[in-house]
Each structure stands twice: as C-alpha cells, then as structure tokens.
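User: I'd like to understand the terms behind this model. Could you take me through them?

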Amino acid sequence: MTEVQTKALAGIREQFPVLEREMRGKPLIYLDNGATSLKPKRVIDAELGYYRTNSTNIHRGVYELSEAATEQYDSARAAVAGFVNAANPQEIIFTRGTTESINLVGYSWGRTFLEAGDEIVTTELEHHSNLVVWQEVANATGAALRFLPLRDDSSGLADGAVEATIGEKTKLVAITGMSNVTGYMPPLADIIARAHAVGAVVLVDGAQLVAHHPVDVQALDIDFLAWSGHKMCGPSGIGALYAKESLLERMPPFHYGGDMIERVWADRATYAPLPEKFEAGTPNIAGAIGMGEAVRFLESVGLDRIADHEHDLIAYTLEHARRHSDLTVYGGTGSASRGGIFSFNLGDVHSHDVGMILDSAGIAVRAGFHCAQPLMRRFGIPGTVRASYYLYNTREEIDALFTAFDRVREIFG
Ligand code: 7TS
C-alpha cells in the first residue's frame, strides 16, 4: 500500500466513531460487515439532524418545516436512485430493508402473476430472505421452485447451469448478487440475458452487493433489486426496492392505508401514482435521510475504489489461508468472482468457539449458519466462522485475525 493509500484509509477510519472503541480491552477489529456496517459521523448527524431541526411529517403539511422534510425525503430517494442508476426516482420504493423489499415483490408481483405450471428459479446459495419468500409464493400460486445447480464444492454455479435450468416455464429468477456466506458473485449479466430471452424477470438480492460494488440497474437490465441501508453505512430499518416502472405500474399495492391512495370512498379507493402507491403510512423519514447521506458518503469515496480495496483484502486473506493446513475455506480458494467475505472453519473446532476466542482478541466476526441453512447442509456442517470486510478494514486487521488463530489452536490443540 502506498503512503497516499494508507493516509486515505486512516482518513476513512476517522469518520467511524465505533472504530475508536475497544472490545475486551483491545482495539476493536470489526469484521462483521456482512451482518451490518458501521456508520460514519455524517450519516449519524444527518439522521439526528432531522430529529433535532425538523421532525415533521412529509407530504401533508402546508407549512415550511413539513415542506423541508418532504424535500429531504425526496432528495434521499433521488440520491438512492442515482446510486444504482435507476432511470427515475419513482422506481425506488423505500422499505424496511432487503427482506421487506423481497416480500413486496413476492406478495405483489409473485401472487399476481405466477400460477401453476410456472417456475421460479433460485439457488441453494440464498439467504433465507430470498428463499423462504419464494417457497411461500410457490405454495400459494402452484408455481414450482427450481434451483440452479452448483459446483460440487458449492463454490459457484455449475457450468451450463443457467441454460439448463432457465427455460420456457421460468417466470422469475431470484438470485443473490453476492453470497453472504462465501462472497461468491454469480454472473448476473449472463443470467439476466438468459432470463429475458425466455421472457422471465430477474430479482437480484443486492443486500451484500450494492454496498460494495458499483451496480447499474440499466446497464445490467435488472428488473428488481432489493437492498438494505444498514449494510451500506446507513441506518437500520430502511432499505430500497428498485423496480422497473413498467413492472411497478402493473403490480397491486403491497400495503394499504394512508399515503398510498388518491381518492377514497366508503367502499373503494384509487391508488396514488408511483412511488407512493407502495409506501403506505408514515415512512421511516429519518432513516431515508440517513440512507441518502450514506449514498453521498459512499459516492465521495467511490464504489470502484471500495470494491478494489475489498478485493485486495480478500486476495490477501486467501493468500494467508493457503499457509494454514488446518483451515477449511468455503467458496473456493480463488479471489475471482468474489467479494470481501471469508468463511472458514479451523480444524474441527465449532464455529461458535472460534468466534468467542476471536472476541477475546477484540475481533468481531459472525459464527453460525448465516441465515443460509440449505448451503450449510450442502457443506455438511452446522456453520462457519465468517469475516466480512468493508472500506475501513486493513491488512493489519487480517494479520491480527490469523494471529488469533494460534490462540484457538492452543486452547483446542
Ligand atoms: N440477503 C442477503 C444476501 C443478506 O446477506 C441479508 C442479511 C439479507 C438478505 C437480509 O437483509 P435484511 O437487512 O433485510 O436483514 N444478511 C445478514 C448476514 O449475513 N448476517 O446478518 C445479516
């Protein structure tokens, strides 16, 4: 790393107050970004600033403060739309996060447009959020669930999987943009091209992707993209669904009530235009403002730069890992098609025990099945230890992780 890069990284780290904390009396090494990211001061200030200086509701007040809140909320939507290059801000629906975004598509699009004889194609790599929803939609509509075959080591899609599985009956392909367990990034462009060729739409679970890699929904021709604010330096309780306007126009509302209507009679109602049609009730105004600020922060750093940094960290990690014969690395040992996620087991020590010993060294990781039980079943294990990186992590922190493995070996050796 050059001196300039080291300085830039220090400048980024300074913006995250939690990184000043200690854990178990040691400087915190935060490697659980797959679960949620830390938040920079400017995002915390933006969210607090709304409560301190405004705190009014949107889209209803005729007074100045409410107009200002509405403006901030709308500008957050525009920022989020720009972040993924949506054609217009109406294609962004604010939700509580990835899970709610996928449920919205399941309930509204899935239950309306799927029927017996149709197929929903997904993978066994998915987070439960992008699997259980489709199980339910399949049950409710009679559509069948099909799975893109994986390589024997589950490190990615098998050769020819896309052509063999996505066919005339496929109406929806619901696939992760990046596995939260292994960091594997499926070939989205190929999958989308094949799906569109057979007339299917594609939902990308972007929970792990959007925060870490530049995503252009128009260039990729994505139909639905779901992601969360809290994994991209934004607040929790807010996320987004991107959907093509032509799809949203044809979909029924997901929730009903205030804000999503145009005119209401005692026995019926008409619905508001996009995006309000899908945002019933008072939304998470502060959260949306915080998410907008998170977008501005990430753009100021540069998504390409963040992706490169994490690629460097995962390549460095895998190089380290090769020197430890008692480490099992999941998702293959190459850094191509892979984000900054490192899932492993050390000898036959239970992942929770490894996690606890790392905790005693001030290192925060996640251990367990990572909301991906079918994938664990394929691996034949109860869980893994997962270190997941973000823009503020350093090679030194990875060195500390590998040093802490010796402590695990001492205790369980
Ligand atoms: N999809 C993927 C790929 C995820 O990684 C997650 C959260 C979700 C969906 C759900 O996101 P939410 O914001 O609606 O909860 N993943 C994780 C994880 O790996 N550890 O904790 C949460």
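Analyst: Below we go through the ligand, the domains and the cavities.

Analyst: Please keep in mind that this is a predicted model, where local features need pLDDT of at least 70, side-chain atom pairs need 80 or more, and totals for chains, interfaces and linings use all residues. Residues are numbered from 1 along each chain as its sequence is written, and side-chain values use heavy atoms, without hydrogens and water.

User: Which residues come nearest the ligand, and how many are around it?

Analyst: There are 15 residues around the ligand, each with a heavy atom within 4 Å of it. Thr-99, Asp-205, Ser-228, Arg-366 and Arg-386 come nearest. The shell divides into two nonpolar, nine polar and four charged residues, with Gly counted as polar and Tyr as nonpolar.

User: What makes the pairing of Asn-180 with the ligand a polar contact?

Analyst: An N or O atom in the Asn-180 side chain is 2.8 Å from a ligand oxygen, and the limit for a pair of N or O atoms is 3.5 Å, so this pair qualifies. Gln-208 also qualifies, with a side-chain N or O atom 2.7 Å from an oxygen of the ligand. For Lys-231, the partner is a nitrogen atom of the ligand, 2.9 Å from a polar side-chain atom. The protein buries 87% of the 490 Å² that the ligand exposes when taken alone (Shrake-Rupley areas, 1.4 Å probe).

User: How do you know where the domains are, and how many residues of each are in contact?

Analyst: The bounds come from an automatic or database assignment, which gives domain 1 (3-30 + 302-412) and domain 2 (45-300). Their C-alpha centres lie 28 Å apart. The contact (heavy atoms within 4.5 Å) takes 30 residues from domain 1 and 34 from domain 2.

User: Why is the space lined by Asn-33 and Met-178, among others, called a cavity?

Analyst: Because on a 1 Å grid over the protein atoms alone, a 1.4 Å probe fits there but cannot get out. This largest cavity holds about 50 Å³, and Gln-208, His-212 and Glu-310 are also among its lining residues, which have an atom within 4 Å of a grid point. Its lining draws at least three residues from each of domain 1 and domain 2, and by class it has three nonpolar, six polar and one charged.

User: How many cavities reach 30 Å³ or more?

Analyst: The count is two. The second largest holds about 40 Å³, with Ile-58, Tyr-73 and Asp-259 among its lining residues.

Note on methods:
On a 1 Å grid over the protein atoms alone, a cavity is a set of points where a 1.4 Å probe fits but cannot get out, and a pocket is an open set with protein on both sides within 12 Å along at least five of seven lines; lining residues have an atom within 4 Å of a point. Grid points are joined across faces, edges and corners, and a volume is the space filled by probe spheres set on the points. A polar contact is a pair of N or O atoms within 3.5 Å; within protein, one must be able to donate a hydrogen and the other to accept it, and residues adjacent in sequence count only if both atoms are side-chain atoms.
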